[in-house]
There are 2 protein chains.
Amino acid sequence: MTDSDLEPQAASAPIQVLPSGFRFAGVYCGIKPSRKLDLSLVVCDQEVQAAGVYTQNQIVAPPVLLCRDRTPSSTIRAVVTNSGNANACTGEMGKEDAQEMTEQVASRVGCDPSQVLVMSTGVIGQRLPMDRVRQGIDAAYEKLDSRLEAFRLAADAICTTDQSQKVAFISFAFGDRVYRLAAMAKGAGMIAPNLATMLALVLTDAPLTRDQVATALTEAAKQSFNRISVDGHTSTNDTMLLLASGRGTPLEGPALFCFQSVLNSLSIDLAKLIVADGEGATHVMAIRVEGAASDDDAEVIARTVGASPLVKTAITGGDPNWGRIVSAAGYAQATIVPEKTCLKVCGETIYDCGTPLSFDAANLSRQMKRSPEVSIELRVGDGPGEATFWASDLTTDYVRFNSEYTT
Amino acid sequence: MTDSDLEPQAASAPIQVLPSGFRFAGVYCGIKPSRKLDLSLVVCDQEVQAAGVYTQNQIVAPPVLLCRDRTPSSTIRAVVTNSGNANACTGEMGKEDAQEMTEQVASRVGCDPSQVLVMSTGVIGQRLPMDRVRQGIDAAYEKLDSRLEAFRLAADAICTTDQSQKVAFISFAFGDRVYRLAAMAKGAGMIAPNLATMLALVLTDAPLTRDQVATALTEAAKQSFNRISVDGHTSTNDTMLLLASGRGTPLEGPALFCFQSVLNSLSIDLAKLIVADGEGATHVMAIRVEGAASDDDAEVIARTVGASPLVKTAITGGDPNWGRIVSAAGYAQATIVPEKTCLKVCGETIYDCGTPLSFDAANLSRQMKRSPEVSIELRVGDGPGEATFWASDLTTDYVRFNSEYTT
C-alpha cells in the first residue's frame with residue numbers, strides 16, 4: 001500500500017465502488033448461537049478523520065460511551081463491531097470489555113487503543129464472551145482485504161435479525177476527481193430480551209477536515225436515520241460513524257456541497273432499507289409534510305403520523321383512512337391550520353382545505369396495497385417548513401414476533 | 001319533583017346509587033346500522049353547575065367547540081349524546097347540526113339552547129342524519145326516568161365498539177349527609193374510517209360552585225383519563241363533563257377534599273375500564289414511576305413506557321423483558337438516573353440500581369400471563385416525582401381489527 005493508493009482516481013478509471021484506504025473482514029467468532037458472522041473489522045491504511053452520532057437514550061452501552069469520548073478524531077485507524085451481544089447494561093465489566101476490544105485491535109494494527117472505535121449490537125444484560133471476541137479479532141485481522149467481497153462479509157457480520165445485508169455505494173466526480181462513499185448498516189430487529197439497534201458505518205475517500213466530517217455526518221443523520229421509525233423505540237447502542245481517508249486539500253465550496261448531497265442521499269437510501277426491513281413490515285410510508293411553521297415542526301408532524309398505530313395499521317390494510325392521518329397530525333406537538341390542511345395518498349387528493357373529497361376508495365386501496373412505498377403528502381398550512389419521514393407499517397407479524405416468549 | 005328531592009339523604013337512607021336531580025334516557029334513533037342504542041339524554045331537574053375538559057387535538061369536532069364555549073356554567077339543564085357518527089370534519093354544516101341538537105333538546109326541556117351540552121362519537125366526515133336525531137331526541141325526552149335502569153340505557157347509548165357498558169358509582173358521607181356520584185363513559189374503538197373517542201359524563205348531587213366543579217374536574221381528569229393509553233391516538237371528540245346538582249352551602253375544607261378524592265377514584269375506575277376494553281387488549285399495564293424530578297417527569301416516563309410497542313408486546317406475551325422497559329424509560333423526554341434505576345414486575349425486583357438480577361423468568365412469565373393487570377414499578381432516581389399510568393397491551397387482534405378494510 002503506497003500513498004498513491006489514497007489518491008482519488010481519475011474519472012476515467014475502471015469502476016471501483018469502494019473508497020480507497022480501507023480494508024475489511026467479517027468472521028464468526030462464536031457469539032451467535034446461529035453460527036452466523038458476528039465480528040466485523042474495518043482497518044484504515046492510515047489515520048483518518050472520523051466522527052460519530054449516537055443514541056439519545058439516557059441508558060448508554062459501554063461501546064457508545066467509548067466512541068463518544070474518542071470522536072471527532074483525526075487519527076482513527078480501525079472500527080471493530082460485534083453482533084449477537086450489545087454489551088449493554090453490563091456495568092463496569094462491560095466498559096472494560098469494550099476497552100479491551102479496542103486494545104486487542106490496536107495491538108494488531110500497531111496503534112494506540114484510543115485510535116480504535118467499537119460498536120456492539122445484540123442481546124443486552126449479558127457479558128461478552130471475551131475469549132471468543134479476542135480470537136475473532138485476530139482471525140479478522142488475518143483476513144483483511146480491500147475488495148468488495150470482504151466489505152460484504154464485514155457488512156454481514158454487523159447484522160442481527162436483519163433479513164438482508166444493508167449496504168449502499170455512491171460516488172461523485174468533481175473536476176477530474178472521483179470520490180467514493182460506501183456504507184453498511186444494520187436495522188431494527190430484536191430477540192428477547194434485547195433491543196433494536198441501528199448501526200451505520202460510512203466510509204469515504206474524499207479529503208475532509210475533522211470538523212467537516214463531524215458537520216457533514218450530523219446533517220446527514222438528521223435527514224436520514226433521524227427521520228425513520230419502525231416502532232419508535234430508541235436503543236441503548238445506536239451509532240453512526242463517518243470515516244474519511246482522503247488526503248490533500250480538503251473539499252470546499254461546491255465540491256463540499258456536492259459531498260454533503262451524496263452523503264445525504266446515501267444515508268437516506270440506507271435508512272429506508274432499515275425501514276423496509278422493519279420487523280413484519282409490508283410497506284414503507286413516505287410521509288411528506290409541507291406548509292408547517294418550520295422544518296422542525298414539519299418533522300414533528302410527520303413523525304407523529306408515522307408513529308400512530310392507527311395510521312400504521314391502515315397502511316397495512318391498504319385503507320385510505322384520511323381521518324386517522326389528519327387527526328394524528330392534529331395531535332402532534334406542532335401547530336397545524338385545520339382549514340388549510342390537505343392530504344394526498346399515493347398522489348390522490350382525498351382531503352382538501354379541511355374538507356373530505358369524494359374519491360374511488362376501492363381503487364386507491366388497491367394502489368396502496370400493491371405499493372411497497374405508500375406516499376402520504378400532508379399540507380398543514382402556508383408556512384415554509386417541510387420534512388420527509390419514513391416509517392414501517394404495523395402487522396400481526398410484528399406483534400407475533402415481539403410477543404413470543406419461549407421460557 | 002320537589003326541592004327536597006335535591007337534598008342529599010341522611011346516611012341511614014336506603015341504598016341509592018344515583019345522585020338526585022337527574023333523569024335519563026337511551027334510545028335507538030337510526031344512526032347505527034347495528035340498530036343498537038345511539039341517542040342518550042340526561043336532563044337536570046334544575047340548573048346545575050357544569051364543567052368540561054376536551055380533546056387537545058387541533059382538529060376539533062363541532063360538538064366539542066360548542067361545549068367549550070358553554071362551560072363552565074351554572075345553568076346547564078341537559079346533555080345530549082349521539083353515537084355512531086362523530087359529527088367531525090363536517091365543516092359549517094356540522095356546526096349547525098350540533099347547534100340544532102341543543103335547540104331541539106332546549107325546546108322540550110324549556111330552556112335556552114346555551115343551557116344544553118352535546119357530545120358525538122362514531123364515524124367522521126359524514127353529516128348527521130338530523131331527521132332521525134330530532135325524532136330520537138323527542139323519543140328520549142318522553143322516556144326520561146330517574147331510575148338506575150334508565151341510567152344504564154343512557155350509558156349504553158353513548159357506546160360505539162365498546163365490548164361492554166362503562167359505568168361507575170361512588171358515594172361518600174360527610175357529617176350526616178351522603179353525597180353520590182355516578183358516571184358513564186365510552187372508550188376506544190374505531191371502525192373505518194373513524195376514530196377512537198373517549199366520552200365521560202360524571203354526575204353528582206354534592207353542592208359545589210361553578211369554579212369548584214371546574215377545578216375538581218381538571219384535577220380528576222389529570223389523574224385518570226389523561227393517564228391512560230390504548231394506542232396514543234388522541235381523537236377529535238374526546239370530552240369529559242362533570243355536572244353538580246347539589247343546592248345549599250357549597251362543600252369546603254375536608255368535605256371538598258373528600259369529594260375530590262372520591263371523584264378521582266371514580267374517574268380512575270372508569271379510565272381503567274376503557275383501557276381494559278381497548279381493542280384486542282388482553283392485559284392492562286399499571287405503570288408506576290417514582291423517584292423522578294417531578295410528577296410531570298414521572299408521568300412522561302410512565303407514558304413513554306406505556307406507549308412502547310416493544311413493551312406492549314412483551315406484556316402480551318408474558319415476557320419479563322426488563323431491557324425493553326428500562327430502555328423505554330431511557331428515551332423518555334425526562335431525566336432518569338441510570339445507576340439508580342430499579343424495576344419490579346408483578347412485585348418482583350428484576351433490575352436493581354442499573355444491574356440485572358437473576359430471577360425465575362418462567363415463573364414470573366406465568367404470573368404475568370395470568371394477571372389481567374400487570375404491575376410495572378420503576379424507580380428512576382431519588383426525586384420526589386411520582387405518577388401512575390395505565391395502558392393496554394398490543395395484540396395481533398388490535399392489528400387485525402384496525403387493518404381490516406372491506407372496500
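**Entry 1: a helix crossing between the chains**

I began with the handedness of one crossing: H11(A) crosses H8(B) in a right-handed way. I noted straight away that this is a predicted model. For the geometry, I found an angle of about 65 degrees between helix H11 (residues 396–403) of chain A and helix H8 (residues 309–316) of chain B, and their axes lie 8 Å apart.

Next I listed who meets whom. From H11(A) I wrote down A:Val399, A:Asn402 and A:Ser403, and they meet B:Leu310, B:Thr313, B:Ala314 and B:Thr316 of H8(B). Sorted by class, this helix contact holds 4 polar and 3 nonpolar residues, with no charged ones.

**Entry 2: the whole interface**

I then stepped back to the full contact between the chains. I counted 53 residues of chain A in contact with 53 residues of chain B. On the chain A side, at least two residues each come from H8 (309–316), H9 (322–331), strand E13 (355–356), H10 (361–370) and H11. Which element gives the largest share? I found that H9(A) does, with 7 residues. The class tally for this side of chain A came out as 27 polar, 22 nonpolar and 4 charged residues.

**Entry 3: symmetry**

Finally, I laid chain A on chain B. A turn of 180 degrees with a shift of 0.0 Å along the axis does the job, at an RMSD of 0.0 Å. The two copies are therefore related as by a two-fold rotation axis. I also looked for the residue of chain A that comes closest to the rotation axis, and noted A:Thr396, its C-alpha at 2.4 Å. Both copies use the same surface, as 100% of the contact residues of chain A recur in chain B.

Conventions:
Residues are numbered from 1 along each chain as its sequence is written. Chains are lettered from A and ligands numbered from 1 in the order in which they are written. This is a predicted model: local features need pLDDT of at least 70, side-chain atom pairs count only at pLDDT 80 or more; totals for chains, interfaces and linings use all residues. Axes are lines fitted to C-alpha atoms, for helices over the stretch in contact, and angles run from 0 to 180 degrees between N-to-C directions. Helices (H or I, at least four residues) and strands (E, at least two) are DSSP runs, numbered from the N terminus. A crossing is left-handed if the near helix is turned anticlockwise from the far one by less than a right angle, and right-handed if clockwise. Two residues are in contact if their C-beta atoms, placed from the backbone, lie within 7 Å. Ala, Val, Leu, Ile, Met, Phe, Trp, Tyr, Cys and Pro count as nonpolar, Asp, Glu, Lys and Arg as charged, and the others, Gly among them, as polar. Copies are superposed by least squares on the C-alpha atoms of residues with pLDDT of at least 70 in both.
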